[in-house]
Amino acid sequence: MQSDASRRVAGGAAGAPAPVGAVPQYPIGSVDRALKLILLLGEQPQIRLTEAAQHLDVASSTAHRLLAMLQYRGFVRQDPVSKAYHPGPALMSVAFSVLSRIDIEGAAKPVLLRLSDRLKESVHIGMLEGANVRFIAAAEGPTAVRVASRLGRTLPAHCTSTGKALLARLSDADVARLYPDEELARVTEHSVGTRTELHLELSRIRQQGYAVNREGSEEGVASVAVPIPTRAPGVLLALNAAAPVHRLSSSQYQAAAALLVEAAKEIGDQIG
């Protein structure tokens with residue numbers, strides 16, 4: 001049975017952020033609705049036309065016109081197969097430019113240090129960059145035998161728990177675009193080796209709310225990872241805890257994930 005924390009990871013946030021400040025004297029409804037759709041894309045990786053219409057409480061034709069205008073300006077893109085809408089290049093450019101001015105490592109460091117001390121293991125924050133994950137913040141565990149910091153390193157996303165937690169937030173169509181070939185490069189003999197295997201694992205991650213990895217990126221290392229909720233559309237971050245395999249058994253995954261969820265929410269609140 002999933003913990004409440006795990007269900008929160010799997011289900012995502014309940015809705016877009018509440019409005020800030022007073023209602024303007026001359027509100028423009030169409031602008032407000034378009035902005036609501038942008039905020040919704042900050043809460044979930046994709047939206048469908050019916051979801052957009054329900055969220056705005058408007059007819060599907062109205063939601064379609066709004067999405068078409070956002071697509072024209074590059075703020076959303078539509079998957080040609082699934083017809084779902086995803087953050088577009090303009091929206092991602094804005095998000096990354098804002099994020100680049102935020103000191104993620106500095107903002108997250110106190111939380112990482114507390115989490116590392118509580119778990120007695122090393123913890124990391126990773127960012128999805130194409131089919132890779134780049135580790136942008138870390139705190140090493142306090143014990144003599146520990147997983148060394150991966151700060152600044154880049155690894156294939158499908159070979160790490162952090163990367164798989166991030167890939168699970170994408171649609172199957174987006175994953176297929178990142179991995180056009182069935183055979184995947186392995187870092188170790190335990191790495192996910194095929195796209196079919198990866199799709200199955202991502203489905204499990206979406207259901208349970210956290211990702212695990214056992215010697216998939218490094219011999220003797222196991223890890224658990226959860227996504228970090230942020231309001232920046234298209235910016236995907238995740239938090240992991242990594243330990244020597246003998247200190248992180250499968251029976252400990254869910255408890256570790258619950259602690260990671262709490263810390264991830266705190267970090268998400270810090271960086272916006």
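Here is a friendly walk through this predicted model, in questions and answers.

Visitor: What should I know about the model before we start?
Guide: Welcome! Residues are numbered from 1 along each chain as its sequence is written, and side-chain values use heavy atoms, leaving out hydrogens and water. The model is predicted, and local features need pLDDT of at least 70, side-chain atom pairs count only at pLDDT 80 or more, and totals for chains, interfaces and linings use all residues.

Visitor: In what order do the strands of the open sheet run?
Guide: Helices (H or I, at least four residues) and strands (E, at least two) are DSSP runs numbered from the N terminus, and two strands pair if DSSP finds at least two bridges between them. The open sheet has 6 strands with antiparallel pairing. Its edge strands, each pairing on one side only, are strand 5 (154-156) and strand 6. The order is 5-4-3-8-7-6.

Visitor: How many bridges join strand 7 to strand 8?
Guide: Let's look at the partners of strand 7. On one side, strand 6 (residues 211-214) is joined to strand 7 by 4 bridges, with Ala211 opposite Ala225. On the other, Pro227 stands opposite Ala238, and Ile228 has Leu237 as its bridge partner. Strand 7 and strand 8 (residues 237-244) are antiparallel, and their bridges number 8.

Visitor: Which residue in the turn between strand 6 and strand 7 has a positive phi?
Guide: These two strands form a hairpin, with 6 residues between them. The phi in question is about 65°, and the residue is Glu215.

Visitor: Why is strand 7 described as largely enclosed?
Guide: Buried means under 20% relative accessible area, exposed over 50%, and partly exposed in between, using a 1.4 Å probe and protein chains only. Strand 7 (residues 221-228) is largely enclosed by the rest of the structure because its buried residues number 8 of the 8.

Visitor: What angle does helix 6 make with strand 4?
Guide: Contact here means heavy atoms within 4.5 Å. Axes are lines fitted to C-alpha atoms, for helices over the stretch in contact, and angles run from 0 to 180 degrees between N-to-C directions. Helix 6 (residues 104-119) packs on the sheet, touching strand 3 (122-129), strand 4 (132-139) and strand 8, and its angle to strand 4 is about 70°.

Visitor: Which element supplies the largest share of the largest nonpolar core?
Guide: A nonpolar core is a set of buried Ala, Val, Leu, Ile, Met, Phe, Trp, Tyr and Cys residues joined through side-chain atoms within 4.5 Å. The largest one has 33 residues, and Leu112, Ile125 and Ile267 are among those with the most contacts inside it. Helix 6, strand 3, strand 4, strand 7, strand 8 and helix 10 each supply at least two residues. The largest share, 10 residues, comes from helix 10.

Visitor: How far does helix 10 reach from its first C-alpha to its last?
Guide: Helix 10 (residues 253-271) has 19 residues, and its buried residues include Tyr253, Leu260 and Ile267. The expected span of a helix is 1.5 Å times one less than its number of residues, and here that is 27 Å. The reach in the model is close to this, at 26 Å.

Visitor: Which residue of helix 10 does Leu112 touch?
Guide: Residues up to four places away in sequence are not counted here. The contacts of Leu112 include Val123, Ile125, Ala137 and Leu239, and also Ile267.

Visitor: How many salt bridges are there?
Guide: A salt bridge is a side-chain nitrogen of Lys or Arg within 4 Å of a carboxyl oxygen of Asp or Glu. One of them joins Asp32 and Lys36, with the closest N and O atoms 3.7 Å apart, and both residues lie in helix 2 (residues 29-43). By this rule the count is 14.

Visitor: Is Asp174 buried or exposed?
Guide: Asp174 forms a salt bridge with Arg77 at 3.0 Å, tying together parts that are 97 residues apart in sequence, since Arg77 lies in strand 1 (residues 76-78) and Asp174 in helix 8 (residues 172-178). Asp174 also meets Arg177 in a salt bridge at 2.2 Å. Arg177 is partly exposed at 44% relative accessibility. Asp174, at 8%, is buried.

Visitor: Which residue joins Arg77, Asp174 and Arg177 in a network of salt bridges?
Guide: Side chains of opposite charge can pair when their charged atoms come close. In this network, the remaining member linked with Arg77, Asp174 and Arg177 is Asp79.
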